[in-house]
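Me: Could you take a close look at one short helix in this model for me, and then set it in the context of the rest of the chains?

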Amino acid sequence: MSTHTEHQASQGPEPLDVNDPKLTRFDIVREGARRDDIEIVHYEPQVLPGTKAERRLTRVVAGFFLITGLASTAFLAIYIWWPWQYEAGRGGDKFYTPLLGFTLGVALLAVGFGILTWGKKLLPKEVSIQDRHEGQVDSEGRTITGQTMLYMADELGVKRRPLLGISLLAGLAPVAAVAAAPLVGGLISQPHKNNQMFTTGFAAAEGGQRIRLVREDGRPIRPADISSGGQLTVFPGIDHGVSNRHADSPTLLIHLRDSDAQESRRANEKVGHGDYMWGNYAAFSKICTHAGCPASLYEQQTNRLLCPCHQSQFLITDNARPVFGPASRRLPQLPIEVDSEGFFVAKSDYTETVGPDFWERP
Amino acid sequence: MKRRKFDLAATPGKAAVGVDDRFAVATPLRKLLNKVFPDHWSFLLGEIALFSFVVLLLTGVFLTFFFEPAMTEVVYDGSYAPLQGTPMSAAYASSLDISFDVRGGLVMRQMHHWAALLFMAAIVVHMLRVFFTGAFRKPRETNWIIGSLLFWVGFLAGFTGYSLPDDGLSGTGLRIASAIMLSIPVIGSWVTSSVFGGEFPGTIIISRFFIAHVLLIPGLLVALISVHLGLVFKQKHTQWPGPGRTNNNVVGERMFPRYALKQGGFFMVVFGVIALMGGLFQINPIWLFGPYEAWVVSAASQPDWYVMFLDGSTRLMPAWEIPIPIGDGYVIPPLFWPTVVLPGILVGLSTMYPFLEARHLKDRNSHNLLERPRDAPARTAVGAMAVSFYIVLTLSGANDVIADKFQISLNAMTWAGRIGLLVVPPLAYYVTYRLCLGLQQHDREVLAHGVETGIIRRMPDGRFVEVHQPLSASNGHADGHGQLDYVGWVVPKKMNRLGALGPAIRGFFYPIEKPVEAPVSPGHPPVEARPEREEIGSGESRR
């Protein structure tokens, strides 16, 4: 070994003969590291073999692994035998998921701590230094690769034969479009089919039949059903009117108190909606004009309607004008009256666009 | 013919030779086993994200066995009594079945959700670590960009995931997402109707989100994560400055065995914590929300935490609608700015930051040594500005809950958010900048004058002075102080960090009185230095 060191000082590292029987295994490990430009500068066992500390740490690690075994077994036992089917009330099934999570968590944590203790406490501490070769630019390599690529370009001869390049572009561009076409073409969907963005379920049926306002269970509504100051969510009385197929149709029917109703009627007249209310009843779209959530929190005292998603507030007595928050457009009003049988009907569909705003809305 | 004796002990060796004959892996394997990793607790934050992702894949595969991604209307007849007989989508019904009728399904569902939240949280914290220590600088800009993209792709993964159960809460989230798409000028209505296959909600969105959530997005995540890790491996990890550490080396532990063991143990711990949370802490109890109905919403409907900043920006946005009076007239809704433009700006700024900073500082060098946040006050202050911006938005995303719990007017909360969004970040910048300078100055003071000892001495002329313990031997200076250069690492500021008192040696339950004798193993250490190498310096350059 001494001969090697003498040479190394002048000529850099010379590989060790790893078949030398005098070498320890650590010598070979260190030699391997050196060949990877790694120098192990510090390697220190944390516990000596046969000491009390080693025995203690071994017991700790073994303890962790045994806890894992216990917890896993408990997990399996609970999984198999604990009552798990849902029952109303406070049954044992309510503990099924917590117990599974607890036992699984303990099992995994214990195996984790066991491995960590093994690695951090029982294995020798070391400090190794690896060279990054930072800033050593392999300029020769760059030249060779660069020239190789240029050579390949030359061989293809696109410069000499420009027609090849042009025809390649002209030929391949459509191919790329071919790949995209089925995807785009399949997904794309005309947004204004049947004028769907501007109509709701309250649009008069064929033959001019006016649509009734109905409750969630489909029953029509009489004026006496809502007390003064009250409100009710109503739907178009058509097939699937009370479903997500008509997600734009839910409407809030409000029975205003006398003074509020007068104020509301005056405001209606100002925008040419003089006949939209029926008596003290007014109906506004429930779908917020901001992001489409149902604006459902009605404050009777202030006549404000609040959307719980982004806190837009609409003043009902002023044509549901947005008075606070991010909404910029009032809630559309549904013109209503009472038909000959005494039920609420929509005189026509909404006259303004319902729901969140979009580019071509006006 | 003589029968050869079977030598069991030689089998692994023989097998190894056989493998190497075929694949020639011995040397590459050695290089892998030997690779050196620097060690610091903050380098483990990214691992949490990685390990959470593994848990997400495992639990997610389980969930796909039972989830039915269809909006077909069914009538629920599962074992959760309060909803029996309710019409709902097949997606919601099968999510309820996972929660109630699949044995152990609920714990898997909750683990999946918690792992997703942890995944995003770990990404954010890891990103902050990388930002504030300058680890994104050349040559690691690409990895910074990939990391930023991972946040946004993870965001999409989360959103598509929590939309799948089609419950009352997630349906409202979908409705808002459709409104956000609608708000895009010119193409908004086309985008929305193409994504939803017609008018909201249509009948196909859950199936589309399902394939995006279980195949497309995870595929993208796996690809990005692989490149991310590959680059960390290729470019080698950054390290803190310190004794023997230069821009040109990596000081740490070899990958095997200690580093790998610690990683494996850490994975198990992360996995275990997720299991505990999945079992003990309820999350997203969809059976309480009911099926999605377009007319039902409750107050305090909040998205998952990493979406809340966008919810906040939407709430704070004033109702500025931009009408465009051409032809029939067009409009840009106010929703467009906080939900499409703002994320766009954030993606652009965050991905481009390494280049912006390098350009500003005219810095073209490679940096493998990290910087303490105080040593780059401008960057740290910019980071504090970004964090405070994010926090104001996130708090505003919950402003109705805050208003309710603390009895504050809701409108006041909104205004506080609007003003705070403009005022707090510059303030954070200024305060952070001054803090950094103050910390820098204190470091320099300690290096020049030494550590405060707490010993007060009375001078012959009656003055009282505090005795400072110099950090280096006197160097012929008149004041008896040596001078040390700052090397970018922690300056000792307490006596016992200098060794004057000796650190207490900690035991598990009780302090161990006497330090263990320096162990000397018979085989290897103390390790002799490689002969031709120069001595490893302390890292402090003395004048």
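What follows is a walk around that helix, then outwards to its chain and the partner chain.

Reply: Sure. Keep in mind that this is a predicted model. The part to zoom in on is helix 12 of chain B, which runs over residues 308-316.

Start with how enclosed helix 12 of chain B is. Eight of its nine residues are buried, so the helix is largely enclosed by the rest of the structure. Those buried residues are Phe309(B), Leu310(B), Asp311(B), Gly312(B), Ser313(B), Thr314(B), Arg315(B) and Leu316(B). For the chain as a backdrop, 37% of the 543 residues of chain B count as buried.

What does the helix sit against? Its buried residues pack against helix 13 (336-361), helix 14 (377-397), helix 15 (399-405) and helix 16 of chain B. Two of the transmembrane regions that the unreviewed UniProt entry annotates in chain B are worth holding next to that list: 335-356 and 376-395. Another annotated region in that record covers 415-433, and helix 16 of chain B spans residues 410-449.

Helix 16 is the neighbour to look at in detail. Helix 12 and helix 16 of chain B pack at an angle of about 105°, with their axes 9 Å apart. The two helices are therefore roughly perpendicular to each other. From helix 12 of chain B, the contact uses Gly312(B), Arg315(B) and Leu316(B), while helix 16 of chain B brings Thr414(B), Gly417(B), Arg418(B) and Leu421(B). Sorted by class, that makes two nonpolar, three polar and two charged residues in the contact. If you're tracing the spacing of those positions, remember that an α-helix has 3.6 residues a turn, so residues three or four places apart point the same way. Gly312(B), Arg315(B) and Leu316(B) also belong to the buried set of helix 12 of chain B.

Now step back to the whole of chain B. There are 17 helices and eight strands in it. Of its contacts with a separation of 6 or more, 71% are between residues 24 or more positions apart. The domain assignment gives domain 1 (36-242 + 250-304) and domain 2 (450-498), and the C-alpha centres of these two domains lie 53 Å apart. As for the other annotated transmembrane regions, residues 41-67 of chain B are 74% helix and 0% strand, with end C-alpha atoms 39 Å apart. Residues 264-283 of chain B come out at 85% helix and 0% strand, and there the end C-alpha atoms are 28 Å apart.

Chain A is the partner. In all, 88 residues of chain A are in contact with 99 residues of chain B. Helix 4 of chain A gives the largest share of the side that touches chain B, 16 residues. That side of chain A divides into 48 nonpolar, 27 polar and 13 charged residues.

Chain A has annotated spans of its own: its unreviewed UniProt entry lists transmembrane regions at 60-84, 96-118 and 163-188. Residues 96-118 of chain A are 100% helix and 0% strand, with the end C-alpha atoms 33 Å apart; for residues 60-84 of chain A the helix figure is 88%, and the ends are 35 Å apart. The record also places a "domain: Rieske" annotation on residues 248-345 of chain A. That span is 13% helix and 31% strand, and its end C-alpha atoms lie 17 Å apart.

Note on methods:
Residues numbered from 1 in each chain as written. Chains lettered and ligands numbered in written order. Predicted model: local features only at pLDDT ≥ 70, side-chain atom pairs only at ≥ 80, totals over all residues. Axes fitted to C-alpha atoms, helices over the stretch in contact; angles between N-to-C directions. Helix = DSSP H or I, 4+ residues; strand = E, 2+ residues; numbered from the N terminus. Parallel < 35°, antiparallel > 145°, perpendicular 65-115°, else oblique. Contact = placed C-beta atoms within 7 Å. Nonpolar A, V, L, I, M, F, W, Y, C, P; charged D, E, K, R; others polar. UniProt positions renumbered as here; feature names shortened; annotations may be inferred. Domains from an automatic or database assignment. Buried ≥ 20, exposed ≤ 12 C-beta atoms within 10 Å, placed from the backbone.
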